[in-house]
Amino acid sequence: MMPEAISREFDVVVIGAGAVGENVADRVVQGGLTAVLVEAELVGGECSYWACMPSKALLRPGAALHGAQTAPGAKEAVTRTLDAAAVLRRRDVLASNWQDDGQVKWVEDTGIELIRGHAWLTAPKSVEVAGLDGNSYQLQARHAVVLATGSAPNTPPVKGLQGVQVWGTREATSAKEVPPRLAVLGGGVAGTELAQAYARLGSTVTLVARSGLLGKFPAEAAGLVAAGLRADGVEIRLNTSTESIRENDDGTLSLQLGDGSSVTAEKVLVATGRHPALQGLGLESLGLDPNEAGHLALRVDNSGLVEGVPGGGSWLYAVGDAAGKNLFTHQGKYEARATGDAIAARAKGELEGAAHDWSRFAQTANEHAVPSVVFTDPELAAVGRTLETAQKDGYNASSVELPIQVAGSSLHSENYEGWAQLVIDEDHKVLLGATFAGPDVAELLHAATIAVVGEVPLDRLWHAVPSYPTVSEVWLRLLEKYGL
């Protein structure tokens, strides 16, 4: 049977049906437009099946067990270690067993069409799809094409890496068994989280990082996480390069490190960052060229509109990891909502030119209040600017920091260790950022995000009284230390 060449027209064509692409399509449909999602893999994307959900499913049981072990009365009742097989089974459930039926039903119920296949741009507003059903689709967008293709892992320059089988984050979050020994390359969020997850599941873990651990966060906060990993038996080699990798006769892998030492493990996880997944989308045919690292990168405005497209026109958008601004699922979904609303408004003539900051069409929070959590134990949660980035951005900034030592932390666990910092704009007396490190501090973060986004004056924030006895009382102590 000969494959068909099928021509279709939609108001909006979205390439990528992960969480970000789904949100764009949902918003444009809510705005009265038609939309099609094009996806070559599972509908729901990386976060649902290989990142956010399965990684946190691997981490949560260990955090829960450790929490019990730090509370007198509970710790005496804990007599077992983690059941790794049970953890993996729960992980499978939370990853929907790598089946996307539920996500597909949501797409259909929302009024969005779905085409499974590989898509690329052929001309302005024109997309060709090699369908997984064997057909070829020629799609024409009346108003916009949106790139929501996510990101791809970086490959570090390690001799021999191309010739051996290593784990990426996908393999680590979907593994069916726990290796006796695991070597982790990378001291960022993914490497740090998965190193701890596998250590608590029974692996002997060595983490190797070319620079520091969680270097984008304040050193005091990152230091608490490093201490937590070491307490779980993770060997941490910082400021150490990996020169080469080879497979041994018994199937294990050996890493030769820059300091002359070596590490041998059954599995090696490469978690050295990610870049926008823009290859194979036909962007070169539009005159967009790779950067010095060989990766394509886009410039987008605050509504997600791609700038610098030869020939101009307000038709090509990029959101989420593909836009390259903030590689977080929650921030990508925020971008998607703003972009979808902007596309619908422009289609109706309700939005002319640039979107105004803090309007429903603008991704203004990207510049001021991006929240992030490292789901290790202890957790690390931050939003906005650090003192260093605030001063670099030209703010007259100061900071106040202290250990988390309040009644709520004493109740939470025995020997609770935490650290908190507020970064303050001295000219306007508002928060520019906040960082918290310690057990369960992620739940402190949204209050900080609201304070930064809302530019809440410190003398008004003083009247936000934290409940006693909770860990949130650290807010009061920070403001008192500042002088309020």
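Q: How do α1 and α5 lie to each other, roughly parallel or roughly perpendicular?
A: Roughly parallel. This is a predicted model. In it, the axes of α1 and helix α5 (residues 101–110) cross at roughly 15°. Angles under 35 degrees count as roughly parallel, so α1 and α5 get that label.

Q: Within what distance do the axes of α1 and α5 come?
A: Within 10 Å.

Q: Which residues meet there, between α1 and α5?
A: On α1, they are Glu-22, Asp-26 and Val-29. On α5, they are Gln-103, Trp-106, Val-107 and Thr-110. By class, this contact has three nonpolar, two polar and two charged residues.

Q: Is the crossing of α1 and α5 left-handed or right-handed?
A: Left-handed.

Q: What about α1 and α9, left-handed or right-handed?
A: That crossing is right-handed. Helix α1 covers residues 19–30, and helix α9 covers residues 329–347. Their axes come within 8 Å and cross at roughly 25°. Therefore α1 and α9 are also roughly parallel to each other.

Q: Which residues of α1 meet α9?
A: Ala-19, Val-20, Asn-23, Val-24, Arg-27 and Val-28. Their partners in α9 include Thr-329, Gly-332, Lys-333 and Ala-336. Arg-337, Gly-340, Asp-341 and Ile-343 of α9 take part too. The residues of this contact divide into six nonpolar, four polar and four charged.

Q: New topic: sheets. What is the strand order in the open sheet of four strands?
A: The order is β9-β8-β7-β13, and the pairing is parallel. The edge strands are β9 (235–237) and β13 (267–270). Each of these edge strands pairs on one side only. On average, neighbouring strands of the sheet are turned by 15° against each other, ignoring direction.

Q: How many bridges join β7 to β13?
A: Four bridges. Strand β7 covers residues 181–185 and runs parallel to β13. One bridge pair is Ala-183 with Val-268 in β13.

Q: Which strands does α7 lie across?
A: Helix α7 (residues 189–201) lies across β7, β8 (204–208) and β13. It runs at about 165° to β8.

Q: Now β19. How many of its six residues are buried?
A: Five of the six. So β19 is largely enclosed by the rest of the structure.

Q: And how does β19 pair with β18, parallel or antiparallel?
A: Antiparallel, over three bridges. Ser-372 has Ala-382 in β19 as its bridge partner. A hairpin through four residues joins β18 to β19.

Q: What's going on with the peptide bond from Asp-377 to Pro-378?
A: That bond is cis, with omega near 10°. Pro-378 sits in the loop between β18 (372–374) and β19 (379–384). Most peptide bonds are trans.

Q: Where does the bond from Tyr-468 to Pro-469 stand, cis or trans?
A: It is cis as well, with omega near -5°. Pro-469 is in the loop between α14 (458–461) and α15 (474–482).

Q: Back to β19. How many bridges pair it with β22?
A: Six bridges, in the antiparallel sense. Gly-384 stands opposite Gly-433 in β22.

Q: Thr-435 lies in β22. Why does Thr-435 count as buried?
A: Because its relative accessibility is 4%. Buried means under 20%. Strand β22 itself covers residues 430–438.

Q: What is Thr-435 in contact with, leaving aside neighbours within four places in sequence?
A: Its contacts include Leu-380, Ala-381 and Ala-382. Trp-419, Ala-420 and Gln-421 are also among them. So are Pro-218 and Ala-221.

Q: Last topic, phi. What is the phi of Asp-440?
A: Near 65°, a positive value in a residue other than glycine. Most residues other than glycine have a negative phi. Asp-440 is found in the loop between β22 and α13 (445–453). It is partly exposed, with a relative accessible area of 41%.

Q: And what is the phi of Lys-125?
A: About 65°, so to speak on the positive side, although Lys-125 is not a glycine. Lys-125 is in the loop between β3 (113–123) and β4 (126–131). With a relative accessible area of 27%, Lys-125 is partly exposed.

Methods: Residues are numbered from 1 along each chain as its sequence is written. This is a predicted model: local features need pLDDT of at least 70, side-chain atom pairs count only at pLDDT 80 or more; totals for chains, interfaces and linings use all residues. Side-chain values use heavy atoms; hydrogens and water are left out. Helices (H or I, at least four residues) and strands (E, at least two) are DSSP runs, numbered from the N terminus. Buried means under 20% relative accessible area, exposed over 50%, partly exposed in between (1.4 Å probe, protein chains only). Contact means heavy atoms within 4.5 Å. Axes are lines fitted to C-alpha atoms, for helices over the stretch in contact, and angles run from 0 to 180 degrees between N-to-C directions. Angles under 35 degrees count as roughly parallel, over 145 as roughly antiparallel, 65 to 115 as roughly perpendicular and the rest as oblique. A crossing is left-handed if the near helix is turned anticlockwise from the far one by less than a right angle, and right-handed if clockwise. Ala, Val, Leu, Ile, Met, Phe, Trp, Tyr, Cys and Pro count as nonpolar, Asp, Glu, Lys and Arg as charged, and the others, Gly among them, as polar. Two strands pair if DSSP finds at least two bridges between them.
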